[in-house]
Amino acid sequence: MEYRTFEKTGESISLLGFGTMRLPTLPDKNIDEAEAVKMIHHAIDNGVNYMDTAYVYHGGTSESVLGKALKDGYREKVFIADKMPVWSVNCESDLQRLFDEQLARLGVQSIDMYLVHNLNVPLWKQTKKFNILDFLEKKRGEGKIKHIGFSFHDDLSLFKEIIDAYAWDFCQIQLNYMDVKWQAGVEGLKYAGGKGIPVIIMEPLKGGRLTDAFPENVSELWKGVGTERTPADWALRWVADFPEVLTILSGMSSFAQVEENIRILSSVTANSLTEKEHAVIGKVSAAYNELVQYPCTACGYCLPCTQGIDIPLAMNLYNEWFMFAQSEKTQLAFALEFPGSPAPADCTKCKHCEEHCPQHLNVSEMMEKSVGLFSK
């Protein structure tokens, strides 16, 4: 396994991190605990030492399953990463309650890497309103937390604001070769790195969509490289090429995925892709983008929607349906992101968003089409 140094402490962290958001499940949708524990043990036995979970993953059971997997000496071999669910904080007393519940689920006395979860504009306001960082500092002083970070899902300007607002130990962003300018993107990665803040990467395979069925033009591009690699190999190597990356989280749901990811990230170093390889990956990204139906830049000028709909997110998922060969994972992502109101189905066609869209996109048309696609 390849390792990178957490400069603040000199500790070595595996380049592959085990994300527990997509653990294998049984027909009743509950986690297949036996298989999940087997996968986690195999990963640790092969050098993976970063385990990522969250209060809400798998309806709250991910933490408990990880805790079971880390018994019998495995806890001492890993860094545990967990997150404060800011949206569940309604008063400062909630912080202690939620944190104690996480420790109990995990069955541990302390958490190594603790993140403020899913920061965006409203949740960053919540973080400041309820003095969450002061609480985490207190927990660190008590030895309950070692390192404080945040995970992020919003635009670049807010990312930079948050980076500059506190002496973070690390941060976590979404990044893959299709999302170079989405949310924090590559510029955000470089910005954090320039401040000496190591970056954890999530969604390196875009929820698995970069490894599913491919449009014909993308398949031809991969064949023309002359280097035999799997789609997961290409995607993970692209992320690993950035020296600012500390570890890459993969939400593995099968034993085979664990084995493949260990194989890939056991021999990858930063700045190792050739110019030709970078060029091909750029062409693959461009080929996908040619399939975009509505060229939304996620600038946010359409917001706020009068119905509260996240228009850029809806646009992105609609486009992904065509980009990634109508992958069922895109349909699942739509269901997860829009489980109820507000959702595209709530669009009233007021066209307020269209009046402010710099790209002059027919947003209301897209909303109607997306309902037709994803309600099947």
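Two helices count as roughly parallel when the angle between them is under 35 degrees, as roughly antiparallel over 145, as roughly perpendicular from 65 to 115, and as oblique for the rest. Keep that in mind as we walk through this structure, which is a predicted model.

## Two helix pairs

Let us start with helix α9 (residues 231-240) and helix α10 (residues 255-264), whose axes come within 10 Å and cross at roughly 50°. The two helices are therefore oblique to each other. Their crossing is right-handed. On the α9 side, the contact is made by Ala232, Asp233 and Leu236, and on the α10 side by Glu260, Asn261, Arg263 and Ile264. Sorted by class, this contact of α9 with α10 has three nonpolar, one polar and three charged residues.

Now turn to helix α8 (residues 216-223) and helix α11 (residues 275-289). Their axes are 9 Å apart, and the helices pack at an angle of about 175°. That angle makes α8 roughly antiparallel to α11. From α8, the residues making the contact are Asn217, Val218, Leu221 and Trp222, while α11 brings Val280, Ile281, Lys283, Val284, Ala287 and Tyr288. Here the classes divide into eight nonpolar, one polar and one charged.

## Two buried residues in strands

Where does Ser250 sit? Its place is in strand β10 (residues 245-251). With a relative accessible area of 6%, Ser250 is buried. Leaving aside neighbours within four places in sequence, Ser250 is in contact with Leu16, Gly17, Phe18, Gly19 and Asn261. You have already met Asn261 as one of the α10 residues in the contact with α9.

Strand β8 (residues 170-174) holds Gln172. Is Gln172 buried or exposed? At 1% relative accessibility, Gln172 counts as buried. Not counting residues up to four places away in sequence, Gln172 touches Asp52, Lys83, Leu115, Phe150, Ser151, Phe152, Ile200, Met202 and Leu249.

## The cysteines

How many disulfides does a search of the whole structure find? The search finds zero. For Cys305, the nearest cysteine sulfur is that of Cys350, 6.4 Å away. A disulfide needs the two sulfur atoms within 2.5 Å, so a pair at 6.4 Å does not qualify. Cys305 counts as buried at 18% relative accessibility, whereas Cys91 is partly exposed, with a relative accessible area of 31%.

Another cysteine, Cys353, lies in helix α14. Cys353 is buried, with a relative accessible area of 11%. Its C-alpha atom is separated by 7.6 Å from that of Tyr301, although the two residues are 52 apart along the chain. Setting aside residues up to four places away in sequence, Cys353 touches Cys302, Ile311 and Val363.

## Phe338 and its loop

Phe338 is placed in the loop between α13 (328-337) and α14 (352-356). Phe338 is buried, at a relative accessible area of 9%. Which residues does Phe338 touch, not counting residues up to four places away in sequence? They are Ile309, Asp310, Leu313, Ala314, Leu317, Ala343 and Pro344. His356 is 18 residues from Phe338 in sequence, and the two are 23 Å apart in space, C-alpha to C-alpha.

## Backbone features to look for

Most residues other than glycine have a negative phi, and most peptide bonds are trans. With that background, here are some places to look at in the model.

| Feature | Where | Angle |
|---|---|---|
| Cis peptide bond | Leu303 to Pro304 | omega near 0° |
| Cis peptide bond | Ser341 to Pro342 | omega near -5° |
| Positive phi | His58 | phi near 55° |
| Positive phi | Asn118 | phi about 60° |

Pro304 is found in the loop between α11 and α12 (311-323). Pro342 has its place in the loop between α13 and α14, which is also where Phe338 sits.

As for the residues with positive phi, His58 is found in the loop between β4 (50-52) and α2 (62-69), and Asn118 is found in strand β6 (residues 111-119). His58 counts as partly exposed at 22% relative accessibility. Asn118 is partly exposed too, with a relative accessible area of 22%.

Terms used: Residues numbered from 1 in each chain as written. Predicted model: local features only at pLDDT ≥ 70, side-chain atom pairs only at ≥ 80, totals over all residues. Heavy atoms only, no water. Axes fitted to C-alpha atoms, helices over the stretch in contact; angles between N-to-C directions. Helix = DSSP H or I, 4+ residues; strand = E, 2+ residues; numbered from the N terminus. Left-handed = near helix turned anticlockwise from the far one by under 90°. Contact = heavy atoms within 4.5 Å. Nonpolar A, V, L, I, M, F, W, Y, C, P; charged D, E, K, R; others polar. Buried < 20%, exposed > 50% of the residue type's maximum accessible area, 1.4 Å probe, protein only.
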